[in-house]
Amino acid sequence: MTADERPNPEERPTLTQKERMKLQRVAMPEQDAAARAVNFGEVNLGLTEELAILEAERCLMCPKPYCIDGCPVRVNIPNFIKLLREGDIKGAAASLSDDNALPCVTGRVCPQESQCEKACLRAKTGQSVAIGYLERYVADWANRHADEIARSPAARTGKSVGIVGSGPAGLTAAGELAKKGHDVTIFEAFHAPGGVLIYGIPEFRLPKDIVKSEVDRLVDAGVKIEANAIIGKTYTLPELRDRFDAVFIAVGAGLPVFMNVPGENYKGVYSANEYLTRVNLMGAWLQDADTPVLHGQRVVVVGGGNVAMDAVRTARRLGAESATIVYRRSRDELPARAEEVHHAEGEGVIFEYLAAPTEVIGDEDRWVTGVRCIRMELGEPDDSGRRRPEPIEGSEFEIPCDMLVVAIGTRSNPLLTQTAPDLEVSKWGYIVTDDHGMTSMPGVFAGGDIVRGAATVILAMGDGKTAAASIDSYLNGVWPPVVEEPPAPAEHKARAKPAPAATVTART
Ligand SMILES: Cc1cc2nc3c(=O)[nH]c(=O)nc-3n(C[C@H](O)[C@H](O)[C@H](O)COP(=O)(O)OP(=O)(O)OC[C@H]3O[C@@H](n4cnc5c(N)ncnc54)[C@H](O)[C@@H]3O)c2cc1C
């Protein structure tokens, strides 16, 4: 449906705030649990137009939109929702893409429940507005109607920027810098661009076509991508610095952390990154795959974050009869997105809470046959604010398995940093930057997980956006850059046409 074919908003009745408050949050249509546990199709199917308008009507258009403060890139949430319910989906799409370079991605993978939706006024009195669902709806519309959205090419500046890494930080920075007319080249170690979006997050959560179309748009805007280029091996950082007017490092933090327990090097033990990369990037489930992967029948995944959920749900889809999460805290402390946990439970994943591996058990050929664990109890809160798990003496038990995936975290890879002695890194190996994203090497900027440690897509994108603005300023000889303070919520004004009376297509 094009923007012009949408139902006329004037024909829909105006709602009072009281009526809006009575509207229940819509449910995301999704694939049936039994069916989806054996296919890689996307689990969430997206809102229909009717559901999207209905959900948009739930927004109270607060004079102080705290949801904006809850968003790390300060998307003007009330504005795009207002335009959506007025029937101006093109305007909604333009508003969203002004603030967020990858809305199709963030609408699917952001932990909204701990960001914008947590700050929504309606969360305090019941259920928040489903901001993530609406973001996805508008962004998917824009993706399908990309031809209708005019983009005028920027005047060329003659300045060049090299970007290392093509994850959300690198892609966002590339888009922003290309918009300003700079000549941008991305260097990516893998053969395909996208970072974690392409090699980590599985198809059933984030279809690869979406990431590819975002990358294609950048290429159409003139961004060059050199794949299979490892900075630190193929070229060094100082070489890149000589070649470009500025450099942005966005290499993520993809080096797996292991448990350091006996038997961890047995056959059949994977790091989650290796397991997911083989499946997502190398097509390892295909019979003639160059880089095959084990199809475990009894799979144990250690960890409780998004990575662990992705690995265990992938194992289920590759035929595991039993797929078990072993997590050392309780369900309340799981760091994964609430939706991923809910979906994993629906797909029959077993959760072994308050348990931690002490040893991997193997047979005489060193193939994994099980994992020995110990029961934990929660003590006082640790530095993360979560209660510290402590082992219960004498509570050991075993879980038989033929495949084990370790998903307990990642850290920085020293490949790039060790070839750049002038680059300051923290004691954990993360790159140190100033408030504008510049590193200790003048003209070299950094952002995303390689600066923050493993974080989120939206934070990496926020860093990419900030760094792009700083780089632009640096290239224009304005240093330090002039930073605009974000408006206080009370002063935040919707930027589009004045709001006509609110309207609705359906009520519950
Ligand atoms: C399996 C998984 C699931 C996740 N799920 C979520 C989620 O649901 N929601 C969420 O918000 N976050 C999630 N995250 C975290 C999120 O994906 C990251 O925080 C985010 O991708 C970081 O972005 P980045 O651009 O800094 O780095 P990355 O996405 O890691 O991209 C870095 C890129 O740099 C390349 N690179 C590395 N070294 C070099 C080098 N020396 N030379 C050239 N290129 C190099 C890498 O190959 C990679 O393509 C998940 C992470 C994983 C692993």
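A residue counts as near a molecule when one of its heavy atoms lies within 4 Å of it. With that in hand, welcome to this structure and its ligand. It is a predicted model, where local features need pLDDT of at least 70, side-chain atom pairs count only at pLDDT 80 or more, and totals for chains, interfaces and linings use all residues. Residues are numbered from 1 along each chain as its sequence is written, and side-chain values use heavy atoms, with hydrogens and water left out.

**Around the ligand**

There are 35 residues around the ligand, and Val109, Glu188, Arg205, Ile231 and Asp449 come nearest. By type, the shell holds 21 nonpolar, nine polar and five charged residues. Here Ala, Val, Leu, Ile, Met, Phe, Trp, Tyr, Cys and Pro count as nonpolar, Asp, Glu, Lys and Arg as charged, and the others, Gly among them, as polar.

The table lists some polar contacts of the ligand; such a contact is a pair of N or O atoms within 3.5 Å, and within protein one must be able to donate a hydrogen and the other to accept it, while residues adjacent in sequence count only if both atoms are side-chain atoms.

| Residue (backbone atom) | Ligand atom | Distance |
|---|---|---|
| Pro168 | oxygen | 3.3 Å |
| Ala169 | oxygen | 3.0 Å |
| Ile231 | nitrogen | 2.9 Å |

On its own the ligand has 1000 Å² of accessible area, and the protein covers 93% of that. These areas come from the Shrake-Rupley method with a 1.4 Å probe; for residues, only the protein chains shown count as cover.

Several helices help to form the shell: α11 (168–179), α12 (196–199), α16 (306–317) and α20 (457–475) each supply at least two residues. The most come from α16, which gives three. Helices (H or I, at least four residues) and strands (E, at least two) are DSSP runs, numbered from the N terminus.

**Domains**

Where does the ligand lie with respect to domain 2 and domain 3? It lies between them, because both domain 2 (160–254 + 412–475) and domain 3 (256–409) give residues to its shell. The assignment also gives domain 1 (3–149), and such bounds come from an automatic or database domain assignment. The C-alpha centres of domain 1 and domain 3 lie 33 Å apart. Their contact (heavy atoms within 4.5 Å) takes 16 residues from domain 1 and 13 residues from domain 3.

**Some residues to look at**

Thr277 lies in helix α15 (residues 272–280). With a relative accessible area of 10%, Thr277 is buried; buried means under 20%, exposed over 50%, and partly exposed in between (1.4 Å probe, protein chains only). Its side chain reaches the backbone oxygen of Asn273 at 2.5 Å. Not counting residues up to four places away in sequence, Thr277 touches Phe190, Tyr199 and Met282.

Thr234 sits in the loop between β3 (224–226) and α14 (237–243). Thr234 is partly exposed, at a relative accessible area of 40%. Leaving out residues up to four places away in sequence, Thr234 touches Asn228 and Ala229.

Phe445 belongs to strand β16 (residues 444–446) and is buried, with a relative accessible area of 0%. Beyond residues up to four places away in sequence, Phe445 touches a number of others, including Val247, His436, Ser470 and Trp479. The C-alpha atoms of Phe445 and Ser470 are separated by 8.6 Å, although these residues are 25 residues apart along the chain.
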